Amino acid sequence: MKLSGWGRYPVADCTVTAPRTPEALSEARKSGPLIARGNGRAYGDSAMNEDSTVSMRHFNRFIAFDHTTGQLTAEAGVLLGDVIDAFLPRGWFPAVTPGTKFVTLGGMAAADVHGKNHHLDGGFGNTIDWLDIMGPDGTVTRCSREENAELFDWTIGGMGLTGVILRMAIRLRRVETGWILQHAHPAPNLAAAMEAFEAAPDAPYSVAWIDCLSTGEHLGRFIVMLGEHAPLDRLPNRFRQVPFGPPPGRNRTVPFNLPGFALNRWTVRAFNAAYYRMGLRNAGTSYVPWDTYFYPLDGILGWNRIYGRRGFLQFQCVLPDDTARAGLKALLTTIAETGQGSFLAVLKKMGPEGGRFSFPMPGYTLALDFPVSDKVLELMEQLDRITLDHGGRFYLAKDARLTAHMLHATDPRAGAFAAMRRETGADTGFASMQSERLGL
Amino acid sequence: MSAGPVLILGARSDIGMAIARAYAADGHAIQLAARNADTLEPERNDIALRHGTDVTLHELDALDYDSHDAFLDSLPALPDIAVCTVGYMGEQSENEADMQAARLVMRSNFEGPTNLLALLANRFETRGSGTLIGISSVAGDRGRATNYVYGSAKAGFTAFLSGLRNRLAKKGVHVMTVKPGFVATKMTDGMDLPEKLTADPDKLACSVLRAAKRRRNIIYVKPVWWLVMLIIRNIPEAIFKKLSI
């Protein structure tokens, strides 16, 4: 069937199976290298294999929950949103969450996703106690920081290329409410935004939204948003009746692809300017429900369709602390000069490294998206080179078009990862269009 | 909101399991009945963990009619709502050639389900309340060459539900007939189904729950099926017999 990632680019005809048992999964393995696929939220071709893509949607059962420690054991195909639905009303929230709740636990582990608290708590991998992985020979191995630690470390951020994650135990965090106390600080330029991050190292959550179409002294207008879980006793009375927030509203859907011209530099500029003004108006402290705070785009199902038929590309890199300022300036200047406005652009300060092939490192990560066009593909190559020059690296869960040469030049760990795959035989069992393209 | 127990007959099916999850999310205790019920422990555990509700497993052989009374007696409580998702499609070509295969389809889609619902109906009538939900099929709306064995059994089931509804309408017991079109389940795995006509089990479960609350009588899960079947039912037989649809 025709398959793509969330960015709807590239599209390929893939053979997809959806086994219901580990035995059936092991059987699927016999027809050649495969890649496991969760809910298809990686943007590019990470979870696509033309010969054998294995949907994990039937591995979606909760197995156990420990009310004293907050340890949840579940199968890899369980959606993060289901975890929240089940446990937020009982006072538990994911310890690390990406910007959408429509991801599977297996996908989150494979990409070692990060959230707005990465600078303090690290990636999703840090919240995993153990994983069960089916290797290339079909045997299932339990691994953790103590047991089969090497396999564990390579699997966190290993993009599903060490084996198929079947189930795992993760830690949830205690929360008193489903509300986030948000502090928004408009920052007129990059320097001010970075200062705001540096001045708030202890804020539990932090992220900045960027208007990347403004140039000159406004180069990148920012709104830096800090947040923390609101304790019950600080919640305004009118919210205290529903401490875990109103139930998520009815999802709106984008039912068709908007024509490509709907997004152009004028509409995007208008949107960004309006958003910035709204940010100025809402500057200061406010209470925001969890779903609006963490998953603003989840309310519009199929929002990826607004980019039209050709789909869109994400660019996300991380730059180390010492080169971040110069690198970000170069990236934002290049983008502003080409006039290719990104609809959604975010900046975030990151904390320590996670798994052995995980994306994050201490520094700043910048994420942008662009509708696919030849011009944008050229722009992204420019951005790749700037990232390389500043010692940065790329987030594979967002990638759809990087070259093997660029990946290996920016990330020496890629060679070690590929070597590990050859030594363990993982390369004979698992491959994706992305791993082929990138020489992993 | 009353949240009395919901009994799922044929709980191993994807549709049965999806309906169980939907009712559990709505706060109901769930009774899962199937053959080799103990192998449903992972599902039982999953629903109980997700929704914090009581979920119990009950051994049921839908084709062992004589055991049905004892089965109902063994339930922890007479359910408020009983959903019958028992069914088996088989292969039409096999059903044509092998009468034993055909009989199994008839028994699985008609005799077993009607026997169970008849017994439940009597108990509900005595109590004076309850909802019976039968998962029938659009295949029962008109016999077609490609699956008339299954279709005729479902047609019988649909007629049975209709009669039961008529009998119990003044007795406080509601009977709802569900005619899903294509549903992406184990039964249809590997079939090439048109996306616009195909429902997913969880969406189907939501429709069933909503429709049951509104005491609807007959529902097609995807409204387009109502139109499709209206057309199919009204094609004159002289023409219909020459079509391959």
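Q: Before the hairpin, what makes two strands pair?
A: Two strands pair if DSSP finds at least two bridges between them; strands are DSSP runs of E with at least two residues, helices are runs of H or I with at least four, and both are numbered from the N terminus.

Q: And how far can I trust the numbering and the model?
A: Residues are numbered from 1 along each chain as its sequence is written, and chains are lettered from A and ligands numbered from 1 in the order written. This is a predicted model, where local features need pLDDT of at least 70, side-chain atom pairs count only at pLDDT 80 or more, totals for chains, interfaces and linings use all residues, and side-chain values use heavy atoms, leaving out hydrogens and water.

Q: OK, how many bridges join β9 and β10 of chain A?
A: Five, between residues 128-134 and residues 140-144, and the strands run antiparallel. A:Asp132 stands opposite A:Arg142 in β10(A).

Q: Which residue takes a positive phi in that hairpin?
A: A:Gly138, near 90°, and the hairpin has five residues between the strands.

Q: Switching to the interface: what area is buried between chain A and chain B?
A: About 940 Å², with 40% from carbon and sulfur atoms; that is accessible area (1.4 Å probe) lost on putting the two parts together, summed over both. A:Arg20, A:Arg61 and A:Phe62 supply 56% of what chain A buries against chain B, more than any other three residues.

Q: How many salt bridges across it?
A: Three, by the rule (a side-chain nitrogen of Lys or Arg within 4 Å of a carboxyl oxygen of Asp or Glu). One of them joins B:Arg50 to A:Asp82, with the closest N and O atoms 3.0 Å apart.
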